[in-house]
Amino acid sequence: MSYNKQKARENGDKMKTRITDLSHDGRGIGQVDGKIIFVQGAYPGEEVEVKITKTKKNYLEGRATEILKKSADRIESVCPDFYHCNGCQYCDYTYQAQLDSKVARLKTNLKKFAGLEVEDIKIHPMENYKNYRNHVQLKVKDGKIGYVDKENFSVFEAKACLVWPEKTPELIEVLKTLPDLDRINLIGLRENYKGDLMVILVSKDEKKIKIEDQLADLKALGVSHIYQNINSNPRFHYGRKSKVLYGDGPFKEEILKNTFNLSPTSFFQVNRTQAEVLYKIGIENLDLKSTDKVLELYSGIGTISMGLAKEAAYVLGIEYNPEAVKDAKTNAKLNGLDNLDFKSGRAEDLLDKVSSDFNKTLLDPARAGADKKVLEKILEIAPEKISYISCDPATLCRDLGILIKDGSYKVDKVEIVDMFPLSSHVETIALIQKM
Ligand SMILES: C[S@@+](CC[C@H](N)C(=O)[O-])C[C@H]1O[C@@H](n2cnc3c(N)ncnc32)[C@H](O)[C@@H]1O
């Protein structure tokens with residue numbers, strides 16, 4: 001089939017395909033005319049009629065228009081907005097099938113990028129996932145506050161999102177009446193362990209956003225902090241600069257019995273319950289002794305660092321976001337710990353400037369994984385154990401491949417903690433040990 005004919009299909013032709021796998025972003029994978037096709041709204045084992053939406057050199061993209069043979073795991077959607085919201089991927093897929101697909105994806109990546117066949121991968125599920133998110137970002141457009149419609153990129157008002165913080169609908173109703181709503185592009189909502197709420201109003205310009213008339217209603221809903229964040233770069237959700245509009249002292253978080261000050265733009269795992277499971281395993285994997293010196297990379301506000309410092313002799317955390325490092329330093333004091341330091345900068349730039357005297361390492365990078373320079377430096381430091389926490393199986397497995405390449409390390413254990421039910425995201429912990 002020639003290219004142009006395929007292109008013509010984008011204008012309406014429909015074809016049939018059998019789905020054999022799921023992609024990293026939760027789309028069904030099939031074949032059309034010998035080419036891979038990524039199909040929105042289709043699950044493995046299904047036969048679907050598909051409308052081609054994009055023709056690329058090596059693959060096609062499409063949308064299922066009819067399910068001709070249904071997967072036994074397809075269920076009625078648990079969310080009324082699922083078919084047009086760009087948030088979750090698996091609202092009409094059984095929870096067990098979601099978990100199985102995450103394990104399968106990790107196995108495929110381990111084989112493909114690290115040459116590893118791992119049979120037993122334990123997954124820690126979260127059956128009761130209602131309102132699991134402690135942080136959501138809502139778009140603001142034409143007086144509406146909500147999520148983005150994946151069909152036309154407009155903003156729609158969600159009816160009953162299952163995963164956002166419980167008070168979100170009531171907060172939206174109040175925030176919609178802000179007189180400066182047309183200067184706000186995005187609203188962040190964070191909920192802490194006590195149910196206190198933080199509102200982050202993101203504007204392009206610095207002019208103060210008026211909140212006076214809405215403040216009493218917001219406080220009545222549990223809002224303890226309101227920030228204005230200034231961001232003119234549409235590539236990022238939040239900009240670097242935030243101003244306090246309301247709130248006394250820092251916003252507090254708690255995890256694994258440690259207390260944290262949390263700045264509006266600092267990273268904090270969105271699923272607190274499962275983060276505790278994740279961090280416990282990540283720390284336990286290092287089998288810490290009171291004489292151990294731990295190098296922790298991508299340390300954020302120190303959520304894991306405090307747990308490490310309680311068992312080890314010394315911890316050095318390296319983190320890019322200076323706000324997070326400031327929080328981390330305060331958090332060490334708040335938790336009565338003086339055996340840890342934090343340095344602000346890119347791990348790939350800072351590692352050459354710090355001591356190599358570490359016998360254990362924990363890293364928890366963002367989706368891009370670790371820079372090659374960072375992995376080389378870890379190999380040079382040669383810790384006995386490396387605990388790697390990752391939110392992207394492909395970059396994790398690429399990095400594992402680099403760490404085990406020369407044969408001095410092996411991957412001993414790989415586990416998944418389901419941090420993101422209803423979505424295709426996979427959070428993994430790997431233990432890498434010296435041979
Ligand atoms: C997945 S978060 C983990 C944070 C922390 N471990 C936690 O669980 O709260 C990744 C962190 O890496 C930081 N980061 C991103 N790129 C970095 C880099 N090149 N060097 C150091 N830190 C970086 C981000 O600011 C973020 O805080």
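Here are some exercises with worked solutions on this structure, which is a predicted model.

**Exercise 1. Overall build**

Task: Find how many helices and strands the protein has, and decide how its radius of gyration compares with the globule rule.

Solution:
- Step 1. Start with the secondary structure: there are 10 helices and 23 strands.
- Step 2. Turn to the radius of gyration, which is 23 Å, while the globule rule gives 22 Å for 435 residues. These values are close, so the protein is as compact as a globular protein of that length.
- Step 3. Add the outline: along the principal axes, the C-alpha atoms fill a box of roughly 65 × 65 × 35 Å.
- Step 4. Look at burial and contacts. Of the 435 residues, 55% count as buried. Among contacts with a separation of 6 or more, 63% are between residues 24 or more positions apart.

**Exercise 2. Domains**

Task: Name the domains in the assignment and say how many residues of domain 2 are in contact with domain 3.

Solution:
- Step 1. The assignment gives domain 1 (3-69), domain 2 (103-127 + 271-434) and domain 3 (135-250). Note that domain 2 is written as two stretches of the chain.
- Step 2. Now the spacing: 31 Å separates the C-alpha centres of domain 2 and domain 3.
- Step 3. At their meeting point, four residues of domain 2 are in contact with six residues of domain 3.

**Exercise 3. The nonpolar cores**

Task: Work out which residues touch the most other members of the largest nonpolar core, and which helix gives the largest share.

Solution:
- Step 1. The largest core has 124 residues, and Leu175, Leu201 and Leu297 touch the most other members.
- Step 2. Helix 2 (residues 95-114) supplies the largest share of this core, with seven residues.
- Step 3. Domain 2 and domain 3 each contribute at least three residues to this core.
- Step 4. A second core of 10 residues stands separate, and Ala42, Val50, Ile52 and Leu60 are among its members.
- Step 5. Zoom in on leucine 297. Beyond its neighbours within four places in sequence, its contacts are Ile318, Ala347, Leu351, Leu362, Leu363, Asp364, Val374 and Ile378.

**Exercise 4. Aromatic rings**

Task: Count the aromatic pairs, then classify the pair formed by tyrosine 95 and tyrosine 129.

Solution:
- Step 1. The structure holds eight aromatic pairs.
- Step 2. In the pair of tyrosine 95 and tyrosine 129, the ring centres are 6.1 Å apart and the planes meet at 50 degrees. Planes under 30 degrees apart would count as stacked and over 60 as edge-to-face, so this pair is tilted.
- Step 3. Place the partners: tyrosine 95 is in helix 2, and tyrosine 129 is in the loop between strand 7 (122-124) and strand 8 (135-141). They are 34 residues apart, and the pair links distant parts of the chain. Both tyrosine 95 and tyrosine 129 are buried.
- Step 4. Elsewhere, Tyr43, Tyr90 and Tyr93 form one aromatic cluster.
- Step 5. A ring can also meet a charge: the charged end of lysine 150 sits over the ring of phenylalanine 82, 5.5 Å from its centre.

**Exercise 5. Two residues with positive phi**

Task: For phenylalanine 153 and leucine 256, decide whether each is buried, partly exposed or exposed.

Solution:
- Step 1. Recall the background: most residues other than glycine have a negative phi.
- Step 2. Phenylalanine 153 has a positive phi of about 60 degrees, and its place is the loop between strand 9 (144-148) and strand 10 (155-156). Its relative accessible area is 60%, so phenylalanine 153 is exposed.
- Step 3. Leucine 256 has a positive phi near 45 degrees and lies in the loop between strand 15 (251-255) and strand 16 (258-262). Buried requires under 20%; leucine 256, at 21% relative accessibility, counts as partly exposed.

**Exercise 6. Two buried side chains**

Task: Describe where histidine 124 and phenylalanine 358 lie, and list their contacts beyond four places in sequence.

Solution:
- Step 1. Histidine 124 lies in strand 7 and is buried, with a relative accessible area of 15%.
- Step 2. Its contacts are Gln274, Val277, Ile281, Glu415, Ile416, Val417 and Asp418.
- Step 3. Phenylalanine 358 lies in the loop between helix 8 (347-350) and strand 20 (360-363) and is buried at 7% relative accessible area.
- Step 4. Phenylalanine 358 touches Lys293, Val294, Leu295, Tyr314, Leu316, Ile381 and Pro383.

Technical notes:
Residues numbered from 1 in each chain as written. Predicted model: local features only at pLDDT ≥ 70, side-chain atom pairs only at ≥ 80, totals over all residues. Heavy atoms only, no water. Core = buried A, V, L, I, M, F, W, Y, C linked by side-chain atoms within 4.5 Å. Buried < 20%, exposed > 50% of the residue type's maximum accessible area, 1.4 Å probe, protein only. Helix = DSSP H or I, 4+ residues; strand = E, 2+ residues; numbered from the N terminus. Domains from an automatic or database assignment. Contact = heavy atoms within 4.5 Å. Phe/Tyr/Trp six-rings, centres within 6.5 Å; stacked < 30°, edge-to-face > 60°. Lys NZ or Arg CZ within 6 Å of the ring centre and 35° of its normal. Rg over C-alpha atoms; globule rule 2.2 N^0.38 Å.
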